Amino acid sequence: MLTRLPYTLLWIVALPFVLLRLLWRARRQPAYLRHLGERFGRYRVRAPAAVIWVHAVSVGETRAAEPLVRALLQRWPDHTVVLTHMTPTGRDTSKALFKGESRVLRTYLPYDLGCFAHAFLRRFRPVFGVVMETELWPNLLAACRRRDIPVLLANARLSERSARRYARLPALTALTMKGLTAIGAQTAADAARLTQLGARRVTVTGNIKFDIAPPDAALALAEAFRTRIGARPVLLAASTREGEEALLLAAFARHAGTATLLLLVPRHPQRFDEVAALAAARGLKLQRRSAEAPVDADTRVLLGDSMGEMFAYYGCAEVALIGGSWLPFGGQNLIEACAVGTPVVLGPHTFNFMAVAEEAVRAGAALRAADADAGVRTAVELLADPARREHIAAAGRAFATTHQGATARTVALLEGLHPSGRVSPPGPAQKRA
């Protein structure tokens, strides 16, 4: 309690500023003000059955959680999964992924004050919790420990950069890590860094994102996109971040011929209009995916202004430039592109996905470029070389297939905490921690 006290006081002081930030973000994305009470532990929804709680902070974590959530629903058919998020885009993604699935509920996770955490746990009474990747909240984990609710950190990744940041608060970090019943790490390097910070019971389970299979509906949508586009080569800029679109559009205008179409998909929906304006400022004719119209022959840019359709975008493209890697954002997931056999070009900034990125490059499934200009030049060269594209595509499919199985290992880890398949509460040592 004393270790967490300064952290809790900081939250209390920061709460008014957090609300102001919500208001600020709501100017561009009004959805930030919807379901506001949930962020303070006030919920209208109630689970109709025993609850498994899965936390996926935003879009990437939610998409990564999809195969695990489906496996949990199959393994525990009498349970409901309560999927919590911190962003509206994460929430919208879960709606799209689990549309029509009555056993998946979605809410916001409350801010990390003890009273809000206890309100969340009282409302849903989860049998156990699964937190995706690196989203750790000390007060929430302490509340789970007091209520004997086991929590697994799944698909855990921790870059050297993040590990150094956590190490600045060693006592709080170690206490938080000890609040986890078990950890399934993506790689041995992630496991070592987590252990060094005080984590216990760490197992290398692999990356669940390799288990995400292209849905039949997404592949059919990719064919529909190709029909609308025609025979033109498509260069995809996937999940781009602020500042990257201007660089990529400039490079595209310099290096790509008029026959090539740039399919540009910003990561954040509130930036769709901003990105459209960037293309217009460069004199590049743009159409929107949402217009549901055939793509004109003189259109240079197709704006992917939709959510939950990334597999379809990858499926209709000849080459993909991975966003988040052209400026120091840390990169984005490239596994979906590999799974559908789309050659990948990465920028220099992939520190959030370093292991996957480096392994994909070594496997011949991805190429790396020094900057956005070089990335577009490399992609245009690939468009002109079908044989090389097919070689990279085959390497990508093999790379994605070889690394599958993390979902089954994660479910086995949950089952292994108790032979009956219901997770046992923490032992006495964990309670004392």
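## Exercises on a predicted model

**Exercise 1.** In this predicted model, leaving aside neighbours within four places in sequence, which residues is Thr89 in contact with, and is Thr89 buried or exposed?

*Solution.* Once the neighbours within four places in sequence are set aside, Thr89 touches Gln29, Ser58, Val59, Pro269 and Met307. The next step is to place the residue, and Thr89 lies in helix 3, which covers residues 88-97. Its relative accessible area is 5%, and since buried means under 20%, Thr89 counts as buried. Pro88, Gly90, Arg91, Thr93 and Ser94 of helix 3 are buried as well, and the buried residues of this helix pack against helix 2 (59-75), strand 2 (79-85) and strand 3 (104-108).

**Exercise 2.** Work out whether the distance between the end C-alpha atoms of helix 15 agrees with its number of residues, and then find what covers its buried residues.

*Solution.* Helix 15 runs over residues 372-383, and its 12 residues at 1.5 Å a residue should span 16 Å; the end C-alpha atoms are 16 Å apart, so the two agree. At the start of the helix, a side-chain oxygen of Asp371 comes to within 3.3 Å of the backbone nitrogen of Asp373. Among the buried residues of helix 15 are Ala372, Val376, Ala379 and Leu383, and the cover over its buried residues includes strand 8 (234-240), helix 10 (244-255) and helix 16 (386-402).

**Exercise 3.** Is Val13 buried or exposed, and which surface patch does it help to make?

*Solution.* Val13 sits in helix 1 (residues 5-26), and because its relative accessible area is 56%, Val13 is exposed. Together with Phe17, Leu19, Leu20, Leu23, Leu33 and Leu36, Val13 makes a nonpolar surface patch of about 640 Å².

Definitions and conventions:
Residues numbered from 1 in each chain as written. Predicted model: local features only at pLDDT ≥ 70, side-chain atom pairs only at ≥ 80, totals over all residues. Heavy atoms only, no water. Patch = residues over 30% accessible without salt bridge, like charges linked within 9 Å, V, L, I, M, F, W, Y side chains within 5 Å. Areas by Shrake-Rupley, 256 points an atom, 1.4 Å probe, with all protein chains shown as cover. Salt bridge = Lys/Arg side-chain N within 4 Å of Asp/Glu carboxyl O. Helix = DSSP H or I, 4+ residues; strand = E, 2+ residues; numbered from the N terminus. Buried < 20%, exposed > 50% of the residue type's maximum accessible area, 1.4 Å probe, protein only. Expected span 1.5 Å × (residues − 1). Contact = heavy atoms within 4.5 Å. Polar contact = N/O pair within 3.5 Å; in protein donor to acceptor, adjacent residues only side chain to side chain.
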